[in-house]
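Student: I would like a close look at the open space in this model. Where is it, and what lines it? Please add the surrounding details that help me read the structure.

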Amino acid sequence: MTMRPAKTCNNLAMAAPLSSSLMSPKVSINVSINSSVFRRYCVSTRSLILLNKTPARSPQAQPKLISCIFSKIDNSTECSDHKKTITKLYMPVLERGIMRLGATISVILVVIQLVSPVPLSRWDPSFLPPAKAVLYSPDTKVPRTGELALRKAIPANTNMKSIQNSLEELSYLLRIPQRKPFGTMESNVKKALKIAVDEKESILSSIPSDQREKGLEIYASLIDGKGGLQTLLGYIKEKDPDRVSVALASSLDSIAQIELLQAPGLSFLLPAQYSNYPRLTGRAIVEFVVEKGDGSSFTPQAGGIPIKSAKIQVVLDGYSAPLTTGNFAKLVVDGAYNGMTLKCTDQAILSDNGINKSIGYSVPLEIMPSGQFEPLYKTTLSIQDGELPVLPLSVYGAVAMAHDDASEEYSSPNQFFFYLYDKSYSGLGGLSFDEGQFSVFGYTTIGRDILPQIKTGDVVRSAKLLEGQDNLVLPVEKL
């Protein structure tokens, strides 16, 4: 059973970017000159002499012309003799003025067209609808790392989510170059700290009693620990972005640990027709040991001694994709991926599709939309209509199931792929053109530097479930 790799990777290179064509309209200006204009007032002699291209007149004629210029033509009969002469003198001036005006208008129109995302013809004053702005906006706040996506996917206490959201904003503020908004950062941290202190009882009561002691320890570290909120606030006041970044990562890690304690199982019921499928009711970690097919070595990103085998760890998110992760975890436990050959395309590392098609369950496409409380089944998301997944594909090292050969409403029973996200293959909002089309179920958290070194023919020597065995619920076999 094979993935349709062309959709996953190769077709991306052929996808047209979402940008409107720029066509500058031609400007045509028709000007008629009424000779009566010249019977109103004359202009200065200096201007006429400088701009006039006609041959110089005789000295005898010059006084007569000058006297005419300083008088009103309507009251001077002498000026009537020079009417045609003055008109000829004006023509070069007007022609140059018209040409300059036309050029200026053209430049203005071109500039407007360049900064506008829609054609000037049929201009829409409402600009872009908010839904379509998802793909056009470079500031689309979709998680850009697996760790961030996994934190956002935890269904935890609302107070903890408020604290998390206030701190996650700092990650975006730290990206601002030069003068960073430390005032806004300070306000966010103070807000998070106030919620954490005022809602302490609510936060801790959401943790099961057998885990509460551990939760209290993490909570204390979050407030006053070395990388806690108080420390983070101090670094912000010192305006030290490097220390702010380190303390922020520590605080967010503590928040994620508390949230995981608050979410011991699924927050929704699975559809009845899938009740006999394997499912993962929380998180799990799978470790792959990969070797080069040609006997060569992997090179660690941070330098060091080349290694013959490399480890890649993937966190499975059962909160957002319980059926997909349940089926995948069962395959790992059953040893289905041991000795499996990998093959690569420009943007994906695919597992071998030569595994027996009877191994694994035919799981429906399973995607949790952002803001929803349960996944959608057999349904893709419309990114242009503003639908975004909780677990986005547009993250380097995202892990997803391939489509089933028979129908894209189902995932392959066993074939999966690592997605090698590349912004150059994405829309203007930084989203993959295949976003919302596959069942993403986890992210690579260790070994991301190994992924670009994997080539077709490399082998998964082993795959095992390191953590989360207690969250794996297997179907009851009929006797």
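Tutor: The answer starts with the spaces, then turns to the helices, strands and loops.

This is a predicted model, in which local features need pLDDT of at least 70 and side-chain atom pairs count only at pLDDT 80 or more, while totals for chains, interfaces and linings use all residues. Residues are numbered from 1 along each chain as its sequence is written, and side-chain values use heavy atoms, with hydrogens and water left out.

First, the method. Rolling a probe the size of a water molecule over the atoms shows where empty space is left. The search runs on a 1 Å grid over the protein atoms alone. A cavity is a set of points where a 1.4 Å probe fits but cannot get out. A pocket is an open set with protein on both sides within 12 Å along at least five of seven lines. Lining residues have an atom within 4 Å of a point. Points are joined across faces, edges and corners, and a volume is the space filled by probe spheres set on them.

Now the largest pocket. It holds about 1,100 Å³ of space. Its lining has 38 residues, and Ile154, Ala256, Gln257, Leu260 and Arg283 lie nearest its centre. Four elements give two or more residues to that lining: helix H7 (146-152), helix H8 (158-173), helix H13 (241-262) and strand S2 (283-291). H13 has the largest share, with 9 residues. These labels follow DSSP runs, numbered from the N terminus: helices are H or I with at least four residues, strands are E with at least two. By type, the lining divides into 16 nonpolar, 12 polar and 10 charged residues. Here Ala, Val, Leu, Ile, Met, Phe, Trp, Tyr, Cys and Pro count as nonpolar, Asp, Glu, Lys and Arg as charged, and the others, Gly among them, as polar.

The second largest pocket has a volume of about 590 Å³. It is lined by 24 residues, with Lys152, Ala153, Gly371, Gln372 and Val390 nearest its centre. H8 gives the largest share of this lining, 4 residues. The split is 13 nonpolar, 8 polar and 3 charged.

There is also 1 cavity of 30 Å³ or more. The largest cavity has a volume of about 100 Å³. Of its 15 lining residues, Ile367, Pro389, Leu391, Phe438 and Val440 lie nearest the centre. That lining holds 9 nonpolar, 3 polar and 3 charged residues.

Back to H8. Asparagine 159 lies in this helix. Asparagine 159 counts as buried because its relative accessibility is 16%; buried means under 20% relative accessible area, exposed over 50%, partly exposed in between (1.4 Å probe, protein chains only). The side chain of asparagine 159 makes a polar contact with the side chain of serine 202, at 3.1 Å. Such a contact is a pair of N or O atoms within 3.5 Å; within protein, one must be able to donate a hydrogen and the other to accept it, and residues adjacent in sequence count only if both atoms are side-chain atoms.

Next, the loop ahead of H13. Lysine 239 sits between helix H12 (229-237) and H13. Its phi is positive, about 55 degrees, although it is not a glycine. Lysine 239 counts as exposed because its relative accessible area is 57%. Lysine 378 also has a positive phi, about 60 degrees, and is not a glycine. Its loop runs between strand S7 (376-377) and S8. At 35% relative accessibility, lysine 378 is partly exposed.

Strand S8 (398-403) leads to another loop, before strand S9 (411-419), and aspartate 404 lies there. Aspartate 404 is buried, at 9% relative accessible area. A polar atom of its side chain lies 2.8 Å from the backbone nitrogen of alanine 406.

Last, the pairing of S8. Strand S10 (residues 439-446) joins S8 through 4 bridges, and the two run antiparallel. Alanine 398 has tyrosine 443 of S10 as its bridge partner. Strand S3 (residues 309-317) is also joined to S10 by 4 bridges, again antiparallel. There, valine 315 partners tyrosine 443. Two strands pair if DSSP finds at least two bridges between them. S10 is mostly covered, with 6 of its 8 residues buried.
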